[in-house]
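User: I am new to reading protein models, and I would like to learn how to go from the whole chain down to single residues. Could we work through one together?

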Amino acid sequence: MEEQEKNDEQIVELIQSGRVELFGVLINRYEKKLLRYAGKMLDDYGDRQDVVQEIFIKTYINIQSFDTKRKFSSWLYRIAHNEIVNVFKKNKRLRFLPIFDLDTFFPQFTKDKSDFYLEAERREMQKIIEFGLNKLDRKYRESIILYYLEEFSYKEIADILKIPIATVGVRIKRAKQILKIIFEKQGYKND
Amino acid sequence: MISQNNDQNSNTKDKILDQIKEGRIKMKPRVFFVAKTVIFILSTVVVLLFLIYLSSFIVFSLRVSGALFLPIFSFLGIRVLLVSLPWLLIFLTIFLIILLEIFAERISFIYKKPVIYSLLAIIVMILVAGFVIGFSSLHVQLLSNAKEGRLQFMSPLYSDYGMPKFGKIHNGYVVELINDGLVIETPNYEILKVLAGDKMKENLKEDDLVLVVGERKNNIVKAVILKKINENDDFFPLRKKRSKNSPLLDR
């Protein structure tokens with residue numbers, strides 16, 4: 001019971017020192033979130049169960065490489081991101097993976113918003129994001145899921161996707177623009 | 001639905017924990033990741049050092065062949081320069097720069113910034129280091145050692161891209177002025193007859209260092225461009241070395 005009160009990083013430290021049974025605590029904490037994340041990224045339900053299992057297996061295998069001074073969830077989602085990319089590659093949904101994406105190449109500029117505005121916007125977006133998500137390109141879809149649904153910061157998303165922080169902002173902004181067009185076509189008005 | 005989700009959760013958890021207990025899934029030891037990091041750092045350093053060497057060698061080979069003098073001449077000079085550039089080495093350099101950038105993109109403070117910043121930083125660093133080392137005496141010494149057989153594995157590089165084989169560009173010291181041109185001795189100790197009109201060879205005298213652009217057939221070069229190289233010109237390393245009794249040129 002005591003372990004349930006520890007944070008992720010403390011749990012990982014114990015696992016690294018040999019208490020491998022505590023890996024179950026991490027599975028309890030993240031399985032539903034990862035199923036939701038994989039489900040939003042992949043269309044096939046069968047895929048997402050296998051993918052999440054594979055994510056946890058890879059997490060366990062590589063757990064000694066995790067630096068407990070960093071945030072575990074960002075590291076876990078990095079593994080999840082790589083696993084989803086692998087699924088796309090295997091299913092030939094992603095035939096060509098560019099070494100450098102154009103929007104990571106040049107400087108991008110995005111405005112910072114106040115926390116209050118962000119929180120209100122996040123709640124609103126969480127509601128409406130469901131409708132048009134599958135129409136978004138993978139890279140926009142992933143950024144918007146991580147930000148609005150998984151509630152990571154720009155900096156954390158930059159660490160998960162290994163892209164510049166400003167690019168995260170630009171991808172989210174573009175995703176919202178695309179979603180807005182989709183909603184307007186469906187007769188939805190955002191006040 | 002909720003109960004189905006809970007079943008799935010405990011199912012995944014049990015499956016994974018069972019596999020861990022049975023030893024079917026094993027965590028990699030910390031030493032594996034330490035070794036991986038060391039290999040990554042070493043690879044990056046090796047690629048960086050090789051890039052600096054390569055870029056400095058390109059600068060040196062352009063400098064020693066006299067190709068760096070060409071753009072001041074004319075459109076023809078620029079064209080000859082472009083044709084004479086060591087493209088294979090340049091493409092290899094570009095490839096290694098991209099490889100180094102891919103390595104660099106694994107580092108947190110680098111991937112958080114736009115690629116163009118780190119790419120430009122790498123290019124500027126390679127160019128500066130390339131020019132500084134290319135203009136130092138390092139390659140002159142290496143070339144000298146290669147010629148004397150003391151650098152066996154590097155000898156082909158220096159003989160292929162060093163002074164002797166640089167397209168239509170030749171240089172050397174005037175040995176003799178003759179009716180239809182002049183005779184030069186290349187830094188590689190070759191004697192070449194240069195066909196050139198009176199106007200081209202005016203102001204030239206014996207022992208002048210000259211740059212010749214032209215097609216070579218056997219030991220005869222038909223000069224399209226003929227230029228005296230200033231003895232004090234920092235771009236050209238060999239004259240100075242000779243005046244200092246360098247083993248490279250003094251037989």
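Analyst: We shall go from the overall make-up of one chain to its strands, then to one residue, and lastly to the contact between chains. Please keep in mind throughout that this is a predicted model.

User: Where should I begin, and how many helices and strands are there in chain B?

Analyst: A good start is to list the elements and then ask how the chain is divided. Chain B has 10 helices and five strands, and it is divided into domain 1, residues 30-146, and domain 2, residues 168-243. The C-alpha centres of these two domains of chain B lie 31 Å apart. Of the 251 residues in chain B, 26% are buried.

User: How do I read a strand, and which side chains of E3 in chain B are buried?

Analyst: With a strand, look at the direction of each side chain in turn. In strand E3 of chain B, residues 191-195, the side chains alternate: B:Leu192 and B:Val194 point to one face and are buried, whereas B:Ile191, B:Lys193 and B:Leu195 point to the other face and are not buried.

User: In which sense does E3(B) pair with E2(B), and in which sense with E5(B)?

Analyst: Follow the direction of each strand, and then look for residues that stand opposite each other. E2(B), residues 181-185, pairs with E3(B) in the antiparallel sense over five bridges, and here B:Ile184 stands opposite B:Leu192. The hairpin of these two strands has five residues between them, and in it B:Tyr189 takes a positive phi near 70°. With E5(B), residues 220-228, E3(B) pairs in the parallel sense over three bridges, and B:Val194 stands opposite B:Val221.

User: Why is B:Tyr173 classed as partly exposed, and which residues does it touch?

Analyst: For a single residue, count its surroundings and then list its partners. B:Tyr173, which is found in strand E1 of chain B, is partly exposed because 18 other C-beta atoms lie within 10 Å, while a buried residue needs 20 or more. Leaving out residues up to four places away in sequence, B:Tyr173 touches B:Ile184, B:Glu185, B:Asp207 and B:Leu209.

User: Finally, how many residues of chain A are in contact with chain B?

Analyst: For two chains, count the residues on each side, and then ask what kind they are. Here 30 residues of chain A are in contact with 22 residues of chain B. Helices H2, H3, H5 and H8 of chain A each give two or more residues to the side that touches chain B, and the residues of that side divide into 18 nonpolar, seven polar and five charged.

Methods: Residues are numbered from 1 along each chain as its sequence is written. Chains are lettered from A and ligands numbered from 1 in the order in which they are written. This is a predicted model: local features need pLDDT of at least 70, side-chain atom pairs count only at pLDDT 80 or more; totals for chains, interfaces and linings use all residues. A residue is buried if 20 or more other C-beta atoms lie within 10 Å of its own, exposed if 12 or fewer, and partly exposed in between; C-beta atoms are placed from the backbone. Helices (H or I, at least four residues) and strands (E, at least two) are DSSP runs, numbered from the N terminus. Two strands pair if DSSP finds at least two bridges between them. Two residues are in contact if their C-beta atoms, placed from the backbone, lie within 7 Å. Ala, Val, Leu, Ile, Met, Phe, Trp, Tyr, Cys and Pro count as nonpolar, Asp, Glu, Lys and Arg as charged, and the others, Gly among them, as polar. Domain bounds come from an automatic or database domain assignment.
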